[in-house]
Amino acid sequence: MTDAFRNRIDLELTVNGEAVELTVPAGRHLIDLLRLDLGLTGSHAGCEHGVCGACTVLVDGAPVRGCLTLAPQLGGADVWTIEGLTDRGLVADLQAAFVARNALQCGYCTPGMLVAAKALIDAGGTPSRAEIREHMSGNYCRCTGYEAIVDAVETVARDRAEGAMS
Amino acid sequence: MNIKFDDPNRPNSYIGRTVPRPNAGRLVAGKGRYVDDITLPRMVHVAFLRCPHAHAKIGEIDTEEARAQKGVLGIFTARDLAQVCTPWEGKLAHLEGMKTPPQSALAIDRATWAGEPVVAVVARTRAEAEAAAALVIVDFEPLPAVTDMRSALDKDTPVLHPQFDDNLCFRKENATATPQKAFDGAHTVVESEFKIGRHTGVTLEPRVIIADWNGGEGELTAHVSNQAPHMLQVLLAKHMGIPESRVRVICGDVGGSFGVKVHVYPDEVATAAIAKIMGRPVKFCADRLESFTSDIHARDHEATGRIAVDESGKILGFDVDDWTGIGPYSIYPRTSAVEGLQVTNLIGGPYDFEHYRVRSTTVFQNKGICAQYRAVGHPVAVAITEGLVDMAAAEMGIDPIEFRRRNVIRDDAYPVTTAAGLKLEGLSHEKSLDALVEAMDYDVLRAEQADLRKRGIHRGIGIASFIELTNPSPFMYGIGGARISAQDGCTVRMDPDGSVVVLTGVTEQGQGTEAIMAQIVAEAVGIRPDMVRVVTGDTRVTPFGGGTWASRGAGIGGEAALKAGRALRDQILGIAASMLQAKAEGLDIRDGQIVDAASGEDRLPLEELGRVVYFRGDTLPKDLSRELMQTRHYITSDYPYAFTNGVQASYVEVDTETGFVKLLKHWCVEDCGRIINPQLVDEQIRGGIVQGIGGALFEEIVYDDEGQIQNGSMADYLVPMSGEMPDMVIRHVETPTQESELGAKGAGEAGTAGAPAAVMNAINDAIRPLGGQVTRMPFTPERVLRALGTLKD
């Protein structure tokens with residue numbers, strides 16, 4: 001048995017709505033699959049132990065840590081990253097609010113922040129500031145001090161709720 | 001002398017407005033290009049074997065097994081790299097008595113902290129390089145570790161560097177003629193100890209570099225996450241023996257810096273040296289453990305301070321003895337002496353008093369290297385000063401706002417030279433206190449606090465006035481012989497369609513440099529900001545400058561941009577006058593149109609002028625100057641620094657059963673002179689406050705007695721997350737510096753300077769009636785409970 005046979009996994013999954021087939025090392029993490037194998041560098045590695053949230057992406061609709069998710073688990077999975085969410089306009093209102101409120105500085109945490117915020121906003125309703133802060137507490141930002149991020153998420157939640165009513 | 005930017009109805013009024021950042025749209029789309037996003041042809045990866053001991057002799061290095069691993073392409077030790085790279089010493093000539101030994105890219109013979117790079121392993125992938133590095137066998141012989149700063153100079157403490165007599169890096173005393181006089185017979189003297197924990201920057205993007213050697217051209221290109229590309233260019237050139245013109249440093253998107261990325265790091269220099277040896281691109285990207293063990297640390301100060309006050313509540317003097325341990329080497333090229341030095345300058349900064357003595361002692365130890373990090377020295381000096389001020393006010397039964405009103409330097413007293421010898425051009429402590437009281441509704445808040453106290457809810461209000469050093473002249477680094485530029489430059493070029501490209505020597509790490517440069521140049525030339533494209537961070541094309549640190553981007557880089565933009569405007573109007581057979585003084589540029597200055601009537605679109613100059617220059621007079629590209633450089637010279645000032649307040653609730661501190665709200669009134677973009681300034685302040693709160697409540701690198709980090713992960717080194725942070729109210733007073741036409745001072749560090757002291761004073765305000773007081777940051781629940789006497793063992 002060759003090393004390749006033992007240590008490599010054939011994988012088929014969907015990333016940003018596109019079918020992907022590839023062979024990866026058995027120990028490949030999702031964040032490395034995205035960045036190294038697919039060139040999707042919008043998701044970032046920050047701490048590589050699941051604390052900072054910079055690698056947050058959607059897997060089958062749920063936000064997950066790209067650095068803790070093993071790629072071989074993802075056969076048949078539906079993965080969305082900031083690139084695909086942007087192309088499909090799925091976070092356009094959040095992105096516009098982040099820019100308008102300057103809810104990003106260096107931008108390194110931002111793709112993960114947007115994915116985390118999307119999960120909260122898509123759940124509907126108008127979360128309180130405390131609820132927004134609690135929900136976003138898995139995503140580390142060293143630059144902003146968080147208030148602008150909370151403001152931006154709050155604005156989008158309110159706008160969507162008003163849009164749903166009208 | 002300032003230009004008047006006050007009239008919002010003036011033409012092209014972009015300075016002073018909130019204008020969106022041009023790079024934000026790209027970053028929210030995940031289209032940032034950070035260094036680790038870059039892959040170059042033939043690129044290989046380096047991983048480092050780092051010393052696992054705090055202090056060890058390096059014996060034989062056995063690389064045989066590692067070398068045999070699949071994918072391994074090279075293994076390098078200190079002696080290999082010494083062939084292409086010389087060692088360095090982080091010294092400044094004017095810091096009398098300062099010492100530090102030579103430092104190399106990889107440790108030679110002896111490693112001096114746990115995390116110092118010793119062997120470099122290059123492989124096809126990072127994973128292969130790491131796996132092979134684990135198989136390198138180094139015969140380390142552990143040596144005694146020096147870890148405690150207070151006993152570092154004791155006779156029985158081992159001397160860390162054999163070439164020196166002791167572990168002293170630098171000692172400085174700054175004192176007035178008779179410092180003791182304040183304390184002889186003073187009405188009130190208060191003394192306390194203070195401790196500021198050892199912090200690190202925790203940039204979300206780690207340090208990362210790709211070095212590429214092009215042998216055919218003898219040129220080194222470094223893509224690096226750094227704040228000061230020209231500094232790195234000249235230092236790589238110097239230590240690798242390459243002409244500066246053949247070193248190109250490119251700093252694209254940088255994922256947070258805060259001072260972490262303004263230094264020369266051995267692993268980054270090693271990467272460049274290896275690229276030169278191997279003749280191909282080499283990438284090094286720190287993992288999070290490497291960030292904790294090899295990024296610069298900061299603070300780690302212990303101090304004893306006294307304040308003397310007369311019977312009227314007037315401060316007579318300060319007397320502070322400050323200690324800090326900075327690891328085994330002084331950082332290159334800025335030195336690790338500056339944080340202590342700044343403490344000797346900044347104690348008592350906001351106040352008018354006569355007697356002063358501050359001594360700071362900087363010692364070597366076997367821990368990570370400490371160096372400049374956001375608000376260098378300020379959080380330490382402000383915590384000591386404001387801690388003592390609040391203790392004195394409490395002792396005398398004077399309200400802390402009232403106590404400060406009696407003691408701050410009057411707004412009409414400037415220019416002032418302080419007891420510490422700082423030259424202050426113009427500050428606004430009184431106006432700032434007024435604005436704070438109004439923003440907080442101070443009396444109502446005090447009433448609420450008293451009311452809740454009766455119901456057993458312990459809330460506290462903490463105030464912290466501060467001054468902040470910005471816009472540095474060559475006063476610190478230049479005169480010390482470091483090749484760190486205090487001047488900065490800007491080139492503006494009009495393209496044929498009337499749009500403008502700006503090349504600036506200051507850099508962008510998210511502060512909004514590109515936005516403010518676009519605003520300044522748009523206003524100076526007379527076009528819309530969206531017609532301006534800003535280029536930063538490439539030493540091959542931008543004017544030679546210092547980069548972004550010490551809150552200098554807006555004040556120094558911005559002034560260069562204003563001057564360059566105005567020079568371009570003058571040039572355009574000179575050409576337009578010739579084309580229109582008018583006088584240049586009678587013309588103006590507004591919204592990209594050359595207009596009659598008096599009537600505002602359109603005379604000529606810029607794109608028509610561009611067409612003629614670039615494509616039909618034959619129709620212009622032969623001797624007409626037509627350089628639609630202008631460069632200006634700017635340096636401050638009247639004052640060593642442009643000081644800013646402000647005051648912060650924190651409102652907290654202390655749970656006396658658990659020791660947890662809940663941050664309810666935070667206020668900051670800040671005076672950074674001319675505000676170019678109000679939103680960007682506010683967000684700099686907010687981000688800075690939260691970084692300061694981190695130090696007050698959570699952040700501390702913990703070493704054991706053997707010099708091993710105990711919390712080198714983000715799960716263990718706690719940083720502020722959104723759940724615990726308060727909303728922050730930001731207000732401004734504007735006292736522009738008269739030294740420049742723009743009038744801008746820096747705003748990047750004020751938040752961090754004042755927040756820890758405000759939080760400390762708020763906690764103490766809450767627990768003082770219970771007999772408690774905290775002065776050792778971070779104020780963990782355990783420390784709060786100890787202060788309350790709940791925990792005793």
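This is a short talk about how the domains and chains of this structure touch one another.

Hi everyone, and thanks for coming. One thing before we start: what you see is a predicted model. I'll go through chain A, then the contact between the chains, then chain B.

Let's begin inside chain A. It splits into domain 1, residues 3–85, and domain 2, residues 91–165. If you take the C-alpha centres of these two domains, they are 24 Å apart. Where they meet, domain 1 of chain A brings 15 residues and domain 2 of chain A brings 13. Together the two domains bury about 1,100 Å², and carbon and sulfur atoms give 66% of that area. Which residues of domain 1 lose the most area to domain 2? They are A:H44, A:I82 and A:L85, and together they make up 41% of what the domain 1 side buries.

What about the polar side of this interface? Between domain 1 and domain 2 of chain A there are zero salt bridges by the rule used here, while five residue pairs are in polar contact. Looking at the domain 1 side by element, β3 (56–59), β4 (62–65) and α3 (82–87) of chain A each give two or more residues. The largest share, three residues, comes from β3(A). By class, that domain 1 side has nine nonpolar, five polar and one charged residue.

Now let's move to the place where the two chains meet. Here 47 residues of chain B are in contact with 45 residues of chain A. The area buried between chain B and chain A is about 3,700 Å², with 53% of it from carbon and sulfur atoms. On the chain B side, B:V28, B:L204 and B:S722 lose the most area to chain A, and together they account for 19% of what that side buries.

How many salt bridges cross from chain B to chain A? The rule finds seven. If you want one to look at on screen, try B:D727 and A:R133, whose side chains meet in a salt bridge at 2.8 Å, N to O. There are also 32 residue pairs in polar contact across this chain B and chain A interface.

Two helices to point out on the chain B side are α1 (24–28) and α16 (678–697), each of which supplies at least two residues that touch chain A. Of the elements there, α16(B) gives the most, with eight residues. The chain B side as a whole divides into 21 nonpolar, 15 polar and eleven charged residues.

Last stop, chain B itself. It is divided into three pieces: domain 1 (24–32 + 487–634), domain 2 (35–143 + 206–254 + 260–294) and domain 3 (373–470 + 639–787). An unreviewed UniProt entry lists residues 29–144 of chain B as "domain: Aldehyde oxidase/xanthine dehydrogenase a/b hammerhead". In the model, residues 29–144 of chain B are 15% helix and 29% strand, and their end C-alpha atoms lie 51 Å apart.

I'd like to finish with domains 2 and 3 of chain B, whose C-alpha centres are separated by 38 Å. Eight residues of domain 2 are in contact with ten of domain 3. Between them, these two domains bury about 670 Å², 65% of it on carbon and sulfur atoms. The rule finds zero salt bridges across this interface, and one residue pair is in polar contact. The domain 2 side of it has five nonpolar, two polar and one charged residues.

That's my tour, and I'm happy to take questions.

Conventions
Residues are numbered from 1 along each chain as its sequence is written. Chains are lettered from A and ligands numbered from 1 in the order in which they are written. This is a predicted model: local features need pLDDT of at least 70, side-chain atom pairs count only at pLDDT 80 or more; totals for chains, interfaces and linings use all residues. Side-chain values use heavy atoms; hydrogens and water are left out. Domain bounds come from an automatic or database domain assignment. Contact means heavy atoms within 4.5 Å. Buried area is the accessible area (1.4 Å probe) that two parts lose on being put together, summed over both. A salt bridge is a side-chain nitrogen of Lys or Arg within 4 Å of a carboxyl oxygen of Asp or Glu. A polar contact is a pair of N or O atoms within 3.5 Å; within protein, one must be able to donate a hydrogen and the other to accept it, and residues adjacent in sequence count only if both atoms are side-chain atoms. Helices (H or I, at least four residues) and strands (E, at least two) are DSSP runs, numbered from the N terminus. Ala, Val, Leu, Ile, Met, Phe, Trp, Tyr, Cys and Pro count as nonpolar, Asp, Glu, Lys and Arg as charged, and the others, Gly among them, as polar. UniProt positions are given in the numbering used here, feature names are shortened, and annotations may be inferred rather than shown by experiment.
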